[in-house]
Amino acid sequence: MAISPGSDAAFSSQKSTPSESPQTKKFPRTEEEIFYMNCRAAYLTVFKSSLENIVSKDQLYLALQHAGRNPSQKTINKYWTPQTAKLNFDDFCIILRKEKPTSKTELLKSFKQLDVNDDGCILHADLYKFLTKRGEKMTREEVNSIINLVDVNADGKFDYIKFCKLYMTTNEQCLKNTLEKLEVDSKLRRHQFGNHIEGSSERDPSPVRKPSPSIIRKTDQKTFSNKGDTRSSLLSATRKFKTSLSFTITMGAYSNQNSKLTEPNLIKDWQCMQSKGCFFLEEDGEIVSHQYRMQIAQRSMVYLTIKPLNLSQVEGKPSPWLSVDTTLYILKENESQANLQLVCFTELQNREVFGWTGELGPGIYWLIPSTTGCRLRKERKPVTDEAQLVYRDETGELFLTKEFRSTLSDIFEVIDLDGNGLLSLEEYNFFELRTSGEKCDEDAWAVCRENFDTKKNELTRQGFMDLNLMEANDREGDPCDLWVTLHSMGYNKALELTEACPFVIDIYAEKCKPKIKAVHMEACSGQLEKAICKSVLSKGDAKVMDGYENIIVHTYSCDTWITSVVENKSDEKVIIHINNELSKNCINNRGLNIFAVEVAPKSTMVCQHVMPLNERQEWIYYCIYSLIS
C-alpha cells in the first residue's frame, strides 16, 4: 500500500498481481517444441550461444551428456570422423533425433546377460572381465571406479538393478538442471536457437534446418542406428560415474539437558540491543530475510542470540514456526561492504535459541540471518475455507473482522523491528517493499501522519489498522489487495502464517552499547553462501573423491543440522550426484532424496542442509556423493 500525497484514495495503491498479456500467453507446447527446448538447454550448458559450433569430440560428448545421452566412443566416432571440422546446433539436433536415450529396460537387459545367478547382481570378476577384455574396452581405472561406487557394490558383487535406478535418476536430474538453467536466464530465452525461435505464437511447420553435409550423408547410412548394441549402452552407462564416497553420521535425539549455550555471568549488567526480522519464503522456494549492520564502539565481550519470534497469545500453545532453525552469521566490514570477513556464527543452542559468545574488536559488522530451509518450505495441504477479512454492519459501514485484526496485529509486531510499539518510516518501508515493491517517500509519510494515528512521527498500531481499513474502503469492500499483502507476508487463506518465520536478535555487550540497524531485505544467498561455505570448510570433515584430489566434499554437523559443501578446485565444472535414500528420520532443504548439483570451476557450493524429521528420535545421515563424467 504505497502512499502518495493527495486525496484519501492516494493512501493506498493497487497491489501488483501476476498477469499475462495476450502477447505473452502461450499455447501448450507441442512435442516438437519440447524437443527443441531440451536441445537448446543442453547446448547452452556447454556453449554461450547456439551460434557457436562444436569443434571437438569432447565438446560433442559433453553436449550429448547434458541432453541425457551417454554415447560410447563408437557413437562419437560415427558423427565425428577424421574429415569433421565442426558441427552446428542443427547438426546436434539431428544427432539427438537419432540417438535415443537408453531406456531402463534396455540397460537391465544388457546387465542381465552377465547375471549368472539371476539375483540382480554381477560378480566383480565377471564384470571386470566383460568390460576390459572384449570389444570396446574400458580401462582398469574406469572399472575400478564402478566397483568402488558405494551404493551399488557389496560383498564382491555389483548390484545392477540399483545402478540402473541411479543411472536413470541421474539422467533425469541432468536434464532438469539444464532446463531450469535455461528457464532462469532470460537472456538465453531470448536467443534464436538455430532456425527455431522460442515464443512463436503460431504453429509453424517444423523449421528448415541446414545441417552440415557430413551429417546429411550419415543420415542415409544404415549404420546410423545402433539398435541392439546393448554392450555400447552398458559401457556408456557405466562410464557415467567416475567415483563416489559416502558420509555416515548417527545423531542422537535432541535433549535440552545437553545444551551448550549458556549466558555469560553478570549479563544483567551488560548493555543490550534488540531487533526483529523475518524469513519469507518466495514462490520459487528461495528465502528472503532482513540483513543488519552492527556497530561495536570498543573491544568488548559480546553475547549474540537469534530465535524464532513467538506471536502466540495462548499459554501452552506456541507459534508453529518455533521449530524452524535460525542462525546468525557475523561478518566484519573491512574498508568496504564488498570486503566482508567471516568472524563467527551462532552454532550453540538452547532449545530454539542459537547463540555465540566471544570478544569483538571495534568496528562495523554485518549480521546475516540464515535458516536451512528444511522446515520452512512451501505449504502442501490445500486450504478450502477462505477467512473473511471485512464485513458491513446494518448501516453499511465497513469493518475489519476480529480474525483479520488479530492477524494485522501480529504483522505489526513483526514489522516493528525495534519493538517500541510504533512504526518508523524505515520500518514501514520494509513492509511496503515486501508487499508492493514500492517505498513511501517523506511527503507521503507526512500525509499519512496527518490522517492516521501517530506518536512521535511514527505510526501506531491503531493507525496501521485504520490504514488497512481505508484500503478495503477504497476497494468498496473487495479484499483482493488485502490478500496480496497477506500472501506476501507468508499467510495462507486461513490466516495461518505458513510461509514465513519471524525472528528476534539480541545483542549484549559488556563494555559498550551495541548498535544494530536493518539495512536490507534480500535473498539468503551471495555473502551468506560464501559465509556458510567458509564455516563448513573450516569446521567440517573433508573427504577427497578417490582419484580426483581437486574434488572435495566437506560435511559439518551440530546437534541440530548437517550441512555439506562441495569444493571444486579444478579448472572444469563438475556434476555431483547425491543419494540420501539410506538416511533415516531425515529431511533436507531440497525436498529430494536423489538429486544432482553442478559446481563451477574454482568454486565452492552448498550442496544440502539436513535435519531430523523428528528431533526426539535418533536420526542417521547416510549420503553417497558420486562424480558424474
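This report walks through the strands, cores and cysteines of one structure. The model is predicted.

**Strand β9 and its partners**

Start with strand β9, residues 300–308. Seven of its nine residues are buried, so the strand is mostly covered. On one hand, β9 pairs with strand β13 (residues 353–360). The pairing is antiparallel and runs over seven bridges. Within it, I306 of β9 has F354 as its bridge partner in β13. β9 is also joined to β19, again by seven bridges and again antiparallel. Here T305 is bridged to D506 of β19.

**The nonpolar cores**

In general, nonpolar side chains of soluble globular proteins tend to be buried together. The largest nonpolar core of this model has 89 residues. Which members touch the most others? They are L304, L367, I411 and F464. Strand β19 (residues 500–509) gives this core its largest share, seven residues. Apart from this core lies another one, of 24 residues. Its members include L114, I122, M138 and I147.

Look more closely at I411. Beyond its neighbours within four places in sequence, I411 contacts F431, F464, L486, M489 and Y491.

**An open sheet**

Four strands line up in the order β6-β28-β24-β26. The sheet is open, and its pairing is antiparallel. Which strands stand at the edges? They are β6 (241–251) and β26 (594–599). Each has a single partner strand, so one side of each has no neighbour in the sheet. Ignoring direction, neighbouring strands here are turned by 20 degrees against each other on average.

Inside the sheet, five bridges join β24 to strand β28 (residues 619–628). One bridge partner pair is I575 and I628, the latter in β28.

**A loop residue**

N585 sits in the loop between β24 (574–579) and β25 (586–588). Its side chain reaches the backbone oxygen of E618 at 3.2 Å. Leaving out neighbours within four places in sequence, N585 contacts M611, P612, L613, N614, Q617, E618 and W619.

**Two cysteines**

A disulfide is a covalent bond between the sulfur atoms of two cysteines. How many disulfides does a search of the whole structure find? It finds zero. The table shows how accessible two cysteines are.

| Residue | Relative accessible area | Class |
|---|---|---|
| C272 | 32% | partly exposed |
| C512 | 4% | buried |

C512 counts as buried because the cut-off is under 20% relative accessible area, and C512 is at 4%. C272, at 32%, is partly exposed.

Methods:
Residues numbered from 1 in each chain as written. Predicted model: local features only at pLDDT ≥ 70, side-chain atom pairs only at ≥ 80, totals over all residues. Heavy atoms only, no water. Disulfide = S-S within 2.5 Å. Buried < 20%, exposed > 50% of the residue type's maximum accessible area, 1.4 Å probe, protein only. Core = buried A, V, L, I, M, F, W, Y, C linked by side-chain atoms within 4.5 Å. Helix = DSSP H or I, 4+ residues; strand = E, 2+ residues; numbered from the N terminus. Contact = heavy atoms within 4.5 Å. Polar contact = N/O pair within 3.5 Å; in protein donor to acceptor, adjacent residues only side chain to side chain. Pairing = 2+ DSSP bridges. Axes fitted to C-alpha atoms, helices over the stretch in contact; angles between N-to-C directions.
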